[in-house]
Amino acid sequence: MLSTILAFVAGLGLAGLAFWISGGGVVGLVISMLVAVCGYVGVSYLTAPERRLGRAPASTVPNGFKAVEAIDKANACLSELSKLTARARDPQVRKEANDIVVATTSLVRYVEANPSSYDVLRHFINTYGEQSVKLLGGYVEVEDSGASNQVFRAKTETIEALQALETTAAGELSRAVEAKTLALSANSDAIVRLANMDGYSVDDDTPGGDRHTSQSMLNDAGRQGGRNPQDTRNTQEDDQA
């Protein structure tokens, strides 16, 4: 709202200035109108709040604008699907269509939080988005036609396709998350290898799996104290006795 007000005031001010500079008259009026439009558009663009992805502005995120484009296209598709779902009279068709909306919305939200996965969303929308809208729109038209002998057939085919689309949307989300899972696994393996190189090893699969770590820490303490690690352990055992 503030952006619109500022743009209007700026356009009006520039129009008045242009009218005065041009000397008035019809020519001045035309010039001032053109300047007003340009001023309004320019100020609106400059003062418009920047889109954010997660907590960061889109301009600061790698491939941020591509992610925004994919998200906007997906949201437009979801809007059309929601409208068509509301028009469908059969409850089973509405349920299956709503499941697609929910699955696709989950994918959109994931990409909003993880913009690097925008290509998965873009592929899904470019491949299946328009087809989904056409499918559901076609079914609604058959319902509205009143041809009861065709509605059952259309319902069967539509439900089958909607279920396939829902499975695909869920699969695309799983594919997007898989990349992060693989990265997490790689980081975990790297940490374990570095710990092993420093003499620390924990085997969580066996009882007392922290024995190796404790032994390594004991050895370090012995080295730092200038004593033999075995002597250090023996001294500790004597103290406990």
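Angles over 145 degrees between N-to-C directions count as roughly antiparallel, and angles under 35 degrees as roughly parallel. With that cut-off in hand, the tour of this predicted model can begin at a pair of helices.

**First selection: helix 3 and helix 4**

Select residues 64–87 for helix 3 and residues 91–113 for helix 4. The two axes come within 10 Å and cross at roughly 165°. Helix 3 and helix 4 are therefore roughly antiparallel to each other, since that angle lies over 145 degrees. Viewed as a crossing, helix 3 passes helix 4 in the left-handed sense.

**Second selection: the whole chain**

Before going further, colour the protein by secondary structure. Eight helices would be shown together with strands: the count is 8 helices and 2 strands. From the start of the sequence to its end, the order of elements is α-α-β-β-α-α-α-α-α-α. Colouring by accessibility instead marks 29% of the 241 residues as buried.

**Third selection: helix 3 and helix 5**

Keep helix 3 and add helix 5, residues 118–145. A pair of packed helices is described by the angle between the axes and by the distance between them. Here the axes of helix 3 and helix 5 come within 9 Å, and the crossing angle is roughly 15°. Because of this angle, helix 3 is roughly parallel to helix 5. The crossing of helix 3 past helix 5 is left-handed. Displaying the side chains of this contact by class gives 13 nonpolar, 5 polar and 7 charged residues.

Within helix 5, pick Asp-119. Is Asp-119 buried, partly exposed or exposed? Its relative accessibility is 40%, so Asp-119 counts as partly exposed. Now add Lys-66 to the selection: the C-alpha atoms of Asp-119 and Lys-66 are separated by 8.5 Å, although the two residues are 53 residues apart along the chain.

**Fourth selection: helix 5 and helix 6**

Hide helix 3 and bring in helix 6, residues 148–197. Helix 5 and helix 6 pack at an angle of about 165°, and their axes are 10 Å apart. That angle makes helix 5 roughly antiparallel to helix 6. The crossing of helix 5 past helix 6 is left-handed.

**Fifth selection: Val-93**

Return to helix 4 and select Val-93. With 0% relative accessibility, Val-93 counts as buried. A distance drawn from the C-alpha atom of Val-93 to that of Lys-155 reads 7.1 Å, and the two residues are 62 residues apart along the chain.

**Last selection: the cavity**

Rolling a probe the size of a water molecule over the atoms shows where empty space is left. How many cavities of 30 Å³ or more does the structure hold? The structure holds 1 such cavity, and the largest cavity has a volume of about 40 Å³. Helix 3, helix 4 and helix 5 are the elements that give two or more residues to its lining.

To display that lining, select the following residues:

- Cys-77, Leu-78 and Leu-81
- Ile-100 and Thr-104
- Phe-124, Ile-125, Tyr-128, Gly-129 and Ser-132

Which helix gives the most to this lining? Helix 5 does, with 5 residues. Coloured by class, the lining shows 7 nonpolar and 3 polar residues, and no charged ones.

Note on methods
Residues numbered from 1 in each chain as written. Predicted model: local features only at pLDDT ≥ 70, side-chain atom pairs only at ≥ 80, totals over all residues. Heavy atoms only, no water. 1 Å grid on protein atoms, 1.4 Å probe; cavity = no way out; pocket = protein on both sides within 12 Å on 5 of 7 lines; lining within 4 Å. Points joined across faces, edges and corners; volume = space filled by probe spheres on them. Helix = DSSP H or I, 4+ residues; strand = E, 2+ residues; numbered from the N terminus. Nonpolar A, V, L, I, M, F, W, Y, C, P; charged D, E, K, R; others polar. Axes fitted to C-alpha atoms, helices over the stretch in contact; angles between N-to-C directions. Parallel < 35°, antiparallel > 145°, perpendicular 65-115°, else oblique. Left-handed = near helix turned anticlockwise from the far one by under 90°. Buried < 20%, exposed > 50% of the residue type's maximum accessible area, 1.4 Å probe, protein only.
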